[in-house]
Amino acid sequence: MSDRERQISRRRPTAAHHRPQVQQPQAPEASLDSLFDAEPVHHRWLLTTCVAGIAGSLAVGSLVLSIFGENAAPRDAYAAVSQAAISGGSLFGQPKKSLSTEMIIPERTLKNDTNYPEITADELPYGDGKTIVLDAEIASAEQEAQNITTISKTAPPEPVDETFKLAQGETLVDALVDRGVNNDAAEALVAAINPIFPVAMMKAGTEFDVTLDRQQDFYGRDVTYPVQLSFQPGPKETITVDSDEDGQFTAAIEGAKDGTKSQYAQYNHFHAKAKVGASLYATAKDNNIPDYIISELTRVFGYDVDFQRQVKPSDTFEVFYGNPLTGSSSKRKVLHYAQLTLGGKTKTYYRYTTADGQTDYYDENGQSAQRALLATPVSGARITSGFGMRIHPLLGYSKMHTGIDFGVPYGTPIRAAGTGTITKAGRYGAYGIAVEIAHTSKYETLYGHMSKLASGIRPGTRVNQGQIIGYVGATGRATGPHLHYEIRITERPVNPATVKVAGGKQLGGKELGKFRMLKQKVMAMMQQAPSSTQVAQANQ
């Protein structure tokens, strides 16, 4: 073959060149190298970092598992494996000897003369004939005695029924708390009763039936809980309080519709006691005492007390009022008891009706509070001019002032100082509009500078002590509204501030005995009566 032919044969492809070339798999090392050769350098660095991170995570996880894995396993029990159950070899390693493919769970004798049958390995649903069954028992791990908590599984106690009576001065909340009831639960129960029957009306000696149960509170502690309570506010009515599953209390009258108020929830008597403070009237109003009771209080003590000059803020007063204790009327309230403590000295009066039908107020010894004359014929007065010689404000020279001037607002009611007959009524010289009353053959009183007379006041009219006879003004010789008040004994003016007038009636004999019985009754009722403030709060 010539040189040219050889060159052509080199260029012409052979049959082998026309067959598809099958790429031979490369060794793993060569493939990984070729992958890194084909990729840019920065891709190669990123892949290396990922592989290193995965390997590091596996290494750290294995280390943590080796340290804490054993601690995470429960230690309350362990398996006691009989060594005879394994015929050689390690439990987790390769056996030193071949194990029998016919190992079984042996037959066991159970309670009640029954047997647990033996089971072969071939009978197990997941067995392949070569299953190894280990005969094992679970034994309790020994624990230190101080780390063991014993939980009692005894049955809870049965509810307890109890009957009790309110003691003197004790409240229903106090009585329940004394029996182990939580204070919040006791107050919630009482709050449920209030709309039906105000608890302020509950009296000492009231009987209650209560069912107490031991329950668990929110924190799992055992507490005493009142599941039911009942009582009778009166002879024809029973009020029952029940607790539901949520611990809410509901009160109702047996046999009545829900929300029906007790027929005995009517306040008949009230009690109030307080310091005088800045004003007796204002303090009495703050204690929800009605105006007519305040007026009666000042009238009763008006014979002995000058309320404008003798009463101090630190002095105290006490009243007990309500329906009359005698008679059939229950619509009006009367003052049963009144007490004033002035400068440490106490004076007390009780309302009492004698056998002849005369009602008056008497002190502890049965002496009537009534005097022939009141000390002050107007309320809220202050003395602006006393009895005796003075420079007359209008005349400008000394002149005998035969009475006392009380400075009070225009139109203030003026009351008769005592029972008697009107001898003068109308214009009377420098006195302006005036009234003169003859009380006995010995005593006379005069009231001057009125703005007008009261209805029905005229000469010859009989008036009672405390009856309104006119109203304060500035008629006659006066510089401003005030009352000029005079007392005359056998037609001779005397100082009203110092005159001593005859006292009232003194009880004796059977009348005095009845009065003393009434005193005891009033004192007992007063101890049980709610205050006016409590009543006002209960009705809100």
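Q: In which strand is H449 found?
A: This is a predicted model, in which local features need pLDDT of at least 70 and side-chain atom pairs count only at pLDDT 80 or more, while totals for chains, interfaces and linings use all residues. Residues are numbered from 1 along each chain as its sequence is written, and side-chain values use heavy atoms, with hydrogens and water left out. Helices (H or I, at least four residues) and strands (E, at least two) are DSSP runs numbered from the N terminus. The strand that holds H449 covers residues 443-453 and is β24.

Q: Does H449 count as buried or exposed?
A: Buried means under 20% relative accessible area, exposed over 50%, and partly exposed in between (1.4 Å probe, protein chains only). The relative accessibility of H449 is 6%, so H449 counts as buried.

Q: Which residues does H449 touch, not counting those up to four places away in sequence?
A: A contact requires heavy atoms within 4.5 Å. With residues up to four places away in sequence left out, H449 touches A430, Y431, I433, V472, G473, A474, T475, G476, R477, A478, H482 and H484.

Q: In what order do the five strands of the open sheet stand?
A: Two strands pair if DSSP finds at least two bridges between them. The pairing in this open sheet is antiparallel, and the order of its strands is β7-β8-β9-β10-β11.

Q: Which strands stand at the edges of the sheet?
A: In the order β7-β8-β9-β10-β11, two strands have a single partner each, so one side of each has no neighbour in the sheet. From one strand to the next, the twist averages 25°. The edge strands are β7 (160-165) and β11 (249-253).

Q: Which residue of β11 is the bridge partner of D242?
A: Strand β10 (residues 237-243) runs antiparallel to β11 and is joined to β11 by five bridges. The two form a hairpin with five residues between them, and G247 in the turn has a positive phi of about 80°. Among the facing residues, T240 stands opposite A252. The partner of D242 is T250.

Q: Which side chains along β11 are buried?
A: The side chains of β11 alternate between two faces. T250 and A252 point to one face and are not buried. Pointing to the other face, and buried, are F249, A251 and I253.

Q: At about what angle to β11 does helix α6 run?
A: Axes are lines fitted to C-alpha atoms, for helices over the stretch in contact, and angles run from 0 to 180 degrees between N-to-C directions. Helix α6 (residues 183-193) lies across β9 (222-234), β10 and β11. Its angle to β11 is about 35°.

Q: Within what arc do the buried residues of α6 fall?
A: A185, A186, L189, V190, A192 and I193 of α6 are buried. Viewed down the axis of α6, they line one face of the helix, because the arc (taken from the directions from the helix axis to the C-beta atoms) within which they fall is 155°.

Q: Which elements are included in what covers the buried residues of α8?
A: Helix α8 (residues 291-301) has I293, I294, L297, V300 and F301 buried. These residues cover an arc of only 125° around the axis, which puts them on the same side of α8. Their cover includes α7 (280-286), β13 (316-322), β14 (334-342), β15 (345-353) and β16.

Q: How many residues apart in sequence are the parts tied together by E162 and R179?
A: A salt bridge is a side-chain nitrogen of Lys or Arg within 4 Å of a carboxyl oxygen of Asp or Glu. E162 and R179 form one, with the closest N and O atoms 2.8 Å apart. E162 lies in strand β7 and R179 in the loop between α5 and α6, so the pair ties together parts whose separation is 17 residues.

Q: Which partner in the salt bridge of E364 is buried?
A: E364 pairs with a residue whose closest N and O atoms are 3.1 Å away. E364 is partly exposed at a relative accessible area of 36%. The partner, at 16%, is buried: K519.

Q: Which residues are linked with K424 in a network of salt bridges?
A: The structure holds eight salt bridges. In one of them, the closest N and O atoms of K424 and E436 are 3.1 Å apart. K424 lies in strand β22 (residues 420-427) and E436 in strand β23 (residues 433-438), so the pair ties together parts 12 residues apart in sequence. The network links K424 with E436, E486 and R488.
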